[in-house]
Amino acid sequence: MPAGIALVPGLVHVPGYLDGAAQARLAAELAVALAAAPPYTPRMPRTDRPFSVRMSNCGPLGWVSDRAGYRYQPHHPVTAAPWPAIPPVALAAWEALSGYRAPPEACLVNLYEPGARMGLHQDRDEDARDAPVVSLSLGATALFRYGGPQRSDPTRSLRLRAGDALVIGGPARLIHHGVDRLVAEVPDLLQGAAPGPLPDFLPPGGRCNLTLRRVTRPPDA
Ligand SMILES: O=C(O)CCC(=O)C(=O)O
């Protein structure tokens, strides 16, 4: 795995994992995927309240939420079309960072406008919890919050910037985490490229996060 910072055992931050050129390639690949699987507004189970984040997915399975609950399904909840393939740049990140023996099956795409947030939660709808979740960020910086396996565990925050990767695995696989808010920052010139035009799917000041997940247990080798 490329050098990263272990924030707690199993939670590894790799700042600037994607350089400017790789971010641009991923954004171009995602633009094609999102044209096939348009972002939509998921709703909370039971309350039916809308998320502030818009979502889409790539891969054989996609994570969805609606009044009936959270689940993975092979098709888009609005268009009913199968999800498009996982972008090659994201697949390469999984191969480099996950240390897992099987490919990811879902790539959840979260789109944040300024003002959007994601409450503290665990990623626990996957059967293959021995696989990590691998996160990649594009666009604006997020104030990411993480705690422990118990909701009441103390939390800390971390700035996730464009190009950063975060691996949530091992003893950290079931930590609570979320996004408090986006943070307006001067673009970080150390990321290797001048910031280019925002891809069409990102509003001004917006952010895109991808999380790659293995959902089903792979057959034993
Ligand atoms: O946007 C992020 O960095 C966090 C995304 C997240 O927590 C999730 O997709 O489960």
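How far from an oxygen atom of the ligand does a polar side-chain atom of R207 lie? The separation is 2.9 Å. The structure is a predicted model, and this briefing describes the surroundings of its ligand and then its two open sheets. One of these sheets has seven strands, and the other has four.

**Ligand surroundings**

- The ligand is surrounded by 14 residues, of which N110, Y112, H121, H177 and R207 come nearest.
- By class, the shell around the ligand consists of six nonpolar, five polar and three charged residues.
- Strand 13 provides the largest share of this shell, with four residues.
- At least two shell residues each are supplied by strand 6 (106-112), strand 7 (118-121), strand 12 (177-183) and strand 13 (207-213).

**Polar side-chain atoms at the ligand**

- For Y112, a polar side-chain atom is placed 2.5 Å from an oxygen atom of the ligand.
- In the side chain of D123, an N or O atom is found 3.0 Å from an oxygen atom of the ligand.
- R207, as stated at the outset, has a polar side-chain atom 2.9 Å from a ligand oxygen atom.
- The ligand taken alone exposes 300 Å², and the protein buries 98% of that area.

**Seven-stranded sheet**

- The strands of this open sheet follow the order 1-2-11-8-13-6-3, and their pairing is antiparallel.
- Strand 1 (5-8) and strand 3 (54-58) form the edges, each pairing on one side only.
- On average, neighbouring strands of the sheet are turned by 20° against each other, direction ignored.
- Within the sheet, strand 8 (residues 133-139) runs antiparallel to strand 13 and is joined to strand 13 by six bridges.
- One residue pair can be named here: V134 has L212 of strand 13 as its bridge partner.
- Helix 1 (residues 20-36) lies across strand 3, strand 6, strand 8 and strand 13.
- Relative to strand 8, helix 1 runs at about 100°.

**Four-stranded sheet**

- The second open sheet has the strand order 7-12-9-10, again with antiparallel pairing.
- Its edge strands are strand 7 and strand 10 (156-160), each of which pairs on one side only.
- From one strand to the next, the twist averages 25°.
- Six bridges connect strand 9 (residues 141-146) with strand 12 in the antiparallel sense.
- Across this pairing, L182 in strand 12 stands opposite A142.

**Links between the sheets and the ligand shell**

- Strand 6 and strand 13 belong to the seven-stranded sheet, and each contributes at least two residues to the shell around the ligand.
- Strand 7 and strand 12 belong to the four-stranded sheet, and each likewise contributes at least two shell residues.

Definitions and conventions. Residues numbered from 1 in each chain as written. Predicted model: local features only at pLDDT ≥ 70, side-chain atom pairs only at ≥ 80, totals over all residues. Heavy atoms only, no water. Near = heavy atom within 4 Å. Polar contact = N/O pair within 3.5 Å; in protein donor to acceptor, adjacent residues only side chain to side chain. Areas by Shrake-Rupley, 256 points an atom, 1.4 Å probe, with all protein chains shown as cover. Nonpolar A, V, L, I, M, F, W, Y, C, P; charged D, E, K, R; others polar. Pairing = 2+ DSSP bridges. Axes fitted to C-alpha atoms, helices over the stretch in contact; angles between N-to-C directions. Contact = heavy atoms within 4.5 Å.
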